[in-house]
Amino acid sequence: MKKKTTSILNFKRILGLSAFSKGRYCFVSQVFVFMLLLSVSSFAQSRNSLIADSTILADTIVNTALGIQRSFKSLPYNVQVITPRDFLQVKDANFMSSLAGKVAGVNMNTSSSGMGASVRVVMRGTKSISGNNNALYVVDGIPLLSLQSSQPTDIYTGMGQSGDGISNLNPEDIESISILGGAAAALYGSDAANGVVAITTKRGNPKKLSVNFSNSTSFYSPFVLPRFQNTYGSETGSYQSWGSKLETPASFSPKDYFQTAYSVNNSVSISTGTEKNQTYASISSLKAEGIIHNNSLDRYNFTLSNSVRLLNDKLEIGTSVMGMKVSEQNMLSQGQYFNPLVPIYLFPRGDDIQKYQVFERYDPESDRKTQYWPLGNVGIAMQNPYWITERDLFVNAKDRYMLGATLRYGINKWLNIVGRAKTDYNHSINERKYAASTDTLFAGTQGAYYKSSYRTQQIYADLIINARKTIKAFSIATGFGAGLKDTKSNFSMHGGDLLSVPDLFSYENLDPSASESSQTNYHEQSLAIFSTSVIGYKDRIFLDLTARNDWVSVVENTRRKPVFYPSAGISGIITDIFGIKSPVIPFLKARLSYSEVGNIPRPGLTSSIYPSSNEDDPTTAMDVKPERTKSRETGVNTILWNNKIRLDLTLYNSSTTNQLFHPTASSGYSSFYVNAGRIENKGIELMLGLSQKIGPISWESGVIYSANRNKIKELLQSYTLPGGATVSMTEMDMGGTSSYRMILKEGGSMGDIYVNTLKTDEHGFIVVDYTSQSVAVDTSRWIHAGNANPRYTLGFRNSFKWKGWELSCLINARVGGVGVSITQALMDAYGVSEASALARDNGGVVVNGYKIPAQSYYQTVGGGEAGVGSMYVYSATNIRLAELSIGYEIPATKWNHLVKSINVSVMGRNLFMFYNKAPFDPESTSSTGTYYQGIDYFMQPSLRNIGFAIKVGF
């Protein structure tokens with residue numbers, strides 16, 4: 001008994017669950033430990049089973065970098081394979097959102113901009129201070145355009161957002177997804193510093209005609225909302241709710257402003273072929289309306305691919321085309337401008353919201369209808385919330401086409417050559433239409449109109465020679481190739497106030513004196529040569545080597561044009577090496593790998609000449625070089641107890657150097673860039689899976705555990721300019737608000753949040769002016785509040801199958817990290833929060849053991865532009881029922897021969913929070929960039945959805 005207790009304690013310590021050992025976390029921690037130990041105890045019942053065929057996993061073929069297929073047992077690094085079941089069972093408009101909690105080592109946050117929103121995907125920690133930290137997307141071995149839209153970096157913007165490039169894809173066309181990090185992604189060179197999400201699309205089936213139809217319909221409502229009060233009213237003429245107690249509680253609830261959102265996704269696919277020729281085609285449509293009125297998303301996709309074999313199967317030609325047409329309207333993530341949630345959340349509780357629902361009224365002076373909002377902008381650009389959604393429109397129209405071709409020729413049995421080419425073209429038009437009588441901060445008296453066009457085209461081509469030989473006990477598979485990528489983009493914008501005709505949104509109606517234009521062209525090319533080799537010994541020991549050399553036009557004019565990226569790894573099947581024949585461990589693989597990848601500087605950095613006071617001084621941009629990430633990874637993959645258990649464990653660490661800094665100096669240089677600094681990440685990835693029969697019930701269970709520790713080892717220690725002056729940066733303010741900042745310090749971590757505070761005395765007590773009964777803001781001090789990133793994450797999945805029925809659920813847990821809610825601060829300041837009402841009920845707010853009036857306190861800590869951040873820091877720890885679905889496979893073949901399968905299901909996402917102390921959803925983010933994380937400024941709430949799906953196969 002003593003031995004079992006020690007085992008449980010050690011198990012909790014290893015997984016980091018000791019953080020749950022006290023207080024309110026105790027119950028949750030014991031539940032997780034109990035579920036895990038229950039799984040392990042069920043495994044033990046199979047100790048006497050016969051050894052199963054462990055080659056089921058060992059010989060599994062997975063897609064790796066450049067679309068190269070490898071057997072699982074030969075991989076010296078961890079590759080996680082995601083099947084369609086993982087992202088189609090409970091659908092989302094952006095299928096990447098469905099992977100949260102299902103992939104180890106990947107931190108995923110969905111933008112708060114609603115349907116089809118972008119997803120922030122950070123693998124194995126944040127590595128770059130100034131560069132991109134999101135993963136690279138690859139389709140059928142070829143990198144995609146990222147097409148990331150601009151993200152909010154302040155409290156004002158967040159309107160007119162757009163989904164990222166990957167959100168354009170139809171998930172029904174995806175065969176599998178491989179998650180590649182470290183050495184697994186090294187063959188992509190400069191593009192793969194942050195890991196790769198490698199997508200393989202569906203192809204036609206030989207000797208089989210199949211037609212599949214699927215429909216998924218979901219309904220959405222707000223998941224997490226702040227808590228409001230409706231018992232205290234407002235004084236006449238005041239927008240704040242610090243009036244006397246109402247005789248009857250106000251009937252207005254901000255929740256009533258939201259509508260029931262919906263999405264309808266239909267898809268039809270056809271797959272057919274022979275041994276020589278296969279074809280796959282699909283069309284799909286998605287129509288969605290958000291919880292805020294007039295927010296919509298429409299997406300149409302088509303796909304066609306064909307593969308044919310000629311010349312006695314020596315020549316294989318594959319072609320594909322994908323088309324996407326997307327329309328988005330009024331995608332809002334957060335912010336003060338054009339955000340209806342600001343006036344809705346802060347609306348005075350003594351007023352009647354219904355009289356403002358008629359948002360425009362006839363104005364005899366202008367002889368037209370104008371915005372009705374006698375309450376004014378209240379100093380924060382506030383407008384009628386119904387006017388914002390109906391008359392201030394942000395419309396995005398996107399067309400995207402991808403055409404690809406692959407040619408594979410087998411020279412003989414052991415040598416072949418592969419050539420691939422793909423073009424990815426995107427054209428986006430973004431319009432902003434501000435109707436007449438919009439707040440004058442944004443538009444003239446007749447309104448305003450802005451239109452921008454963004455065209456991007458990427459052409460990718462490569463040629464690879466592959467050879468495979470077996471010489472006695474050794475097997476050798478090697479490939480040599482070269483690749484070319486050419487990217488062109490053009491951005492143009494023109495707009496301004498309207499001239500004479502109100503609400504006529506056209507260039508001809510723009511006021512020349514109040515309009516602006518801009519245009520940017522960009523052209524980047526890169527050339528690469530690469531090689532990959534796998535040497536195997538007796539099919540049990542494998543040595544993996546890759547090398548890539550990039551020539552990138554982005555670093556033109558520098559002294560370091562070619563960039564070399566190597567990787568090496570070794571793996572061994574321990575059970576084969578030592579001849580282990582055990583029913584407990586039929587398969588055990590150990591692996592070790594090392595890789596180097598990088599982040600190239602932003603475009604245009606080295607092609608410009610940076611001025612100096614002395615024209616003879618060299619420009620420091622000549623010394624700019626790509627960031628470099630050196631990664632080490634070790635781990636084990638094992639199958640236990642007759643294929644009932646799968647355990648994948650990975651330990652990794654990485655060091656990213658050559659960070660890009662842009663310091664200022666008074667030595668004559670007006671602008672220059674410096675490489676320096678070092679960011680380190682280390683972590684653990686654990687995947688534990690169970691497949692167990694319980695009588696007639698098939699039970700599949702899985703646990704995903706991830707933990708990452710980030711450390712800023714160095715920033716810019718010291719740099720000497722040619723003139724002799726020295727610059728250094730040991731601290732960097734990455735921006736924020738007047739109460740919240742993201743600050744980088746040596747010894748700290750990426751994602752550290754700092755907040756302002758109230759004035760305190762030498763003993764740490766809050767300074768209170770007992771004459772005025774008020775507190776004061778300390779404008780000279782910032783304190784460390786915590787980090788926006790979690791300490792670790794857990795995903796716990798279960799699936800039960802019985803006689804055609806399937807019940808699946810997913811529980812996600814994020815432990816650690818903090819967030820700051822400025823929404824809550826302003827709600828307190830305006831007296832509309834539940835907390836402000838409770839304080840009034842209790843006679844004031846207790847400060848240093850004494851009560852002070854609630855109004856003076858909250859108008860200080862919640863007032864100003866963004867309140868006092870230290871008073872609104874919340875734990876980001878949360879545990880939720882992330883997914884639940886119940887499906888039934890109707891035995892259609894019993895009644896007819898035309899319909900082969902029918903599956904119906906009901907499903908839901910974000911159904912319930914087991915634990916969350918924040919007044920917002922900590923997994924939602926207003927920005928998918930590196931910074932401005934862990935902050936809520938009137939974010940659109942995340943969504944709970946319940947729906948149904950039907951799939952029919954012919």
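## Worked exercises on a predicted model

H8 lies across S39, S42 and S46, and runs at about 35 degrees to S39 (axes are lines fitted to C-alpha atoms, for helices over the stretch in contact, and angles run from 0 to 180 degrees between N-to-C directions). Helices (H or I, at least four residues) and strands (E, at least two) are DSSP runs, numbered from the N terminus.

Some ground rules: this is a predicted model, where local features need pLDDT of at least 70 and side-chain atom pairs count only at pLDDT 80 or more, while totals for chains, interfaces and linings use all residues. Residues are numbered from 1 along each chain as its sequence is written, and side-chain values use heavy atoms, with hydrogens and water left out.

**Exercise 1. Work out the sheet under H8: in what order do its strands come, and which ones stand at the edges?**

Step 1: The order is S42-S39-S46, in an open sheet of 3 strands with mixed pairing. Two strands pair if DSSP finds at least two bridges between them.

Step 2: S42 (873-875) and S46 (935-936) stand at the edges; each has a single partner strand, so one side of each is left without a neighbour in the sheet.

Step 3: Now zoom in on one pairing. S39 (residues 818-821) and S46 run parallel, over 2 bridges, and Ser821 has Asp936 in S46 as its bridge partner.

**Exercise 2. Take H9 and find its buried residues: where do they sit around the axis, and what do they pack against?**

Step 1: Within H9 (residues 834-841), the buried residues are Ser836, Ala837, Ala839 and Arg840. Buried means under 20% relative accessible area, exposed over 50%, partly exposed in between (1.4 Å probe, protein chains only).

Step 2: Looking down the axis of H9, these residues fall within an arc of 160 degrees, so they line one face of the helix. The arc is that of the directions from the helix axis to the C-beta atoms.

Step 3: That buried set packs against helix H8 (822-829), strand S40 (845-847) and helix H10 (854-861). Just after H9, Gly843 takes a positive phi of about 85 degrees.

**Exercise 3. Look at the salt bridges of Asp86 and Glu834: which residue partners each one?**

Step 1: The structure holds 33 salt bridges, each a side-chain nitrogen of Lys or Arg within 4 Å of a carboxyl oxygen of Asp or Glu.

Step 2: Asp86 pairs with Arg797, with the closest N and O atoms 2.6 Å apart. This links distant parts of the chain: Asp86 is in helix H4 (residues 84-88) and Arg797 in strand S37 (residues 792-802), 711 residues apart. Asp86 is buried at 9% relative accessible area, while Arg797 is partly exposed at 21%.

Step 3: Glu834 pairs with Arg227, the closest N and O atoms being 3.8 Å apart. Glu834 belongs to H9, and Arg227 lies in the loop between strand S10 (210-222) and strand S11 (261-273), 607 residues away. Glu834 is partly exposed at 31%; Arg227 is exposed at 60%.

**Exercise 4. Find the largest nonpolar core: how many residues does it have?**

Step 1: It has 79 residues, and Ile129 and Phe661 are among those with the most contacts inside it. A nonpolar core is a set of buried Ala, Val, Leu, Ile, Met, Phe, Trp, Tyr and Cys residues joined through side-chain atoms within 4.5 Å.

Step 2: Apart from this core lies another, of 26 residues, including Phe87 and Met322.

Conventions: Contact = heavy atoms within 4.5 Å.
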